[in-house]
Amino acid sequence: MTEHLSETARKSLIDPLLENGWTLEEGAEVLTKTFTFEDFTEAFAWMTRAALWAEKWGHHPDWSNSYKTVIVRLTTHDVGGLSALDAKLARKMDQLTA
């Protein structure tokens with residue numbers, strides 16, 4: 001079962017993401033990041049790769065796409081905040097842009 005991140009886990013899992021361009025929405029336990037690509041095809045291809053991982057891990061992002069920009073919001077609704085799955089998917093999304 002997925003659990004809400006403890007303060008210790010939060011520091012070790014979330015802080016590195018914040019250093020890599022992710023932000024925490026004010027007043028909510030939601031990680032957000034805007035990814036910008038060369039064009040729509042690159043953005044959509046990245047979303048497809050990310051979607052395969054999200055499906056494999058059973059953890060699906062809230063996201064939107066407008067032309068070459070993808071805005072991602074991650075939170076774990078089951079625990080009412082951030083879990084290790086959010087950090088895991090965020091790290092994978094960053095890796096997929098490399």
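Q: Buried means under 20% relative accessible area, exposed over 50%, and partly exposed in between; which of these classes describes arginine 73?
A: In this predicted model, arginine 73 has a relative accessible area of 31%. The buried class ends under 20% and the exposed class begins over 50%. Arginine 73 therefore falls in between and counts as partly exposed.

Q: Which residues are linked with Arg73 in a network of salt bridges?
A: The side chains of arginine 73 and glutamate 25 meet at 2.6 Å, N to O. This pair joins strand β4 to the loop between β1 (23–24) and β2, 48 residues apart. Arginine 73 also meets the side chain of aspartate 62 in a salt bridge of 3.8 Å, N to O, and here strands β4 and β3 are linked across eleven residues. The residues in the network with Arg73 are Glu25 and Asp62.

Q: By about how much of a helix are lysine 11 and aspartate 15 separated?
A: The side chains of lysine 11 and aspartate 15 form a salt bridge of 3.1 Å, N to O. Lysine 11 is exposed at 56%, whereas aspartate 15 is partly exposed at 27%. Because these residues are four apart in helix α1, their separation is about one helical turn.

Q: Is threonine 75 buried or exposed?
A: Threonine 75 lies in the loop between β4 (69–74) and α3 (84–97), and its side chain reaches the backbone oxygen of glycine 81 at 3.3 Å. Beyond four places in sequence, its contacts include Glu29, Val30, His59 and Asp86. Since its relative accessibility is 12% and the limit is under 20%, threonine 75 is buried.

Q: Which residues of the largest nonpolar core touch the most other members?
A: The core has 21 residues. Each of α1 (7–19), β2 (31–36), α2 (40–57), β4 and α3 supplies at least two of them. Tryptophan 46 touches Val72 and Met93, among other residues more than four places away in sequence. The members touching the most others are Trp22, Trp46, Val72 and Met93.

Q: What accessible area do Phe40, Phe44 and Tyr67 have together as a nonpolar patch on the surface?
A: Tyrosine 67 is found in the loop between β3 (62–66) and β4. With a relative accessible area of 53%, tyrosine 67 is exposed. Together with Phe40 and Phe44, Tyr67 forms a patch whose accessible area is about 340 Å².

Q: What distance separates the C-alpha atoms of alanine 98 and phenylalanine 35?
A: Alanine 98 lies in the segment after α3 and is exposed, at 94%. Alanine 98 and phenylalanine 35 are 63 residues apart along the chain, and their C-alpha atoms are separated by 12 Å.

How values were computed. Residues are numbered from 1 along each chain as its sequence is written. This is a predicted model: local features need pLDDT of at least 70, side-chain atom pairs count only at pLDDT 80 or more; totals for chains, interfaces and linings use all residues. Side-chain values use heavy atoms; hydrogens and water are left out. Helices (H or I, at least four residues) and strands (E, at least two) are DSSP runs, numbered from the N terminus. Buried means under 20% relative accessible area, exposed over 50%, partly exposed in between (1.4 Å probe, protein chains only). A polar contact is a pair of N or O atoms within 3.5 Å; within protein, one must be able to donate a hydrogen and the other to accept it, and residues adjacent in sequence count only if both atoms are side-chain atoms. Contact means heavy atoms within 4.5 Å. A nonpolar core is a set of buried Ala, Val, Leu, Ile, Met, Phe, Trp, Tyr and Cys residues joined through side-chain atoms within 4.5 Å. Patches are made of residues with over 30% relative accessible area and no salt bridge: like charges are joined within 9 Å, nonpolar side chains (Val, Leu, Ile, Met, Phe, Trp, Tyr) within 5 Å. Accessible areas come from the Shrake-Rupley method with a 1.4 Å probe; for residues, only the protein chains shown count as cover. A salt bridge is a side-chain nitrogen of Lys or Arg within 4 Å of a carboxyl oxygen of Asp or Glu.
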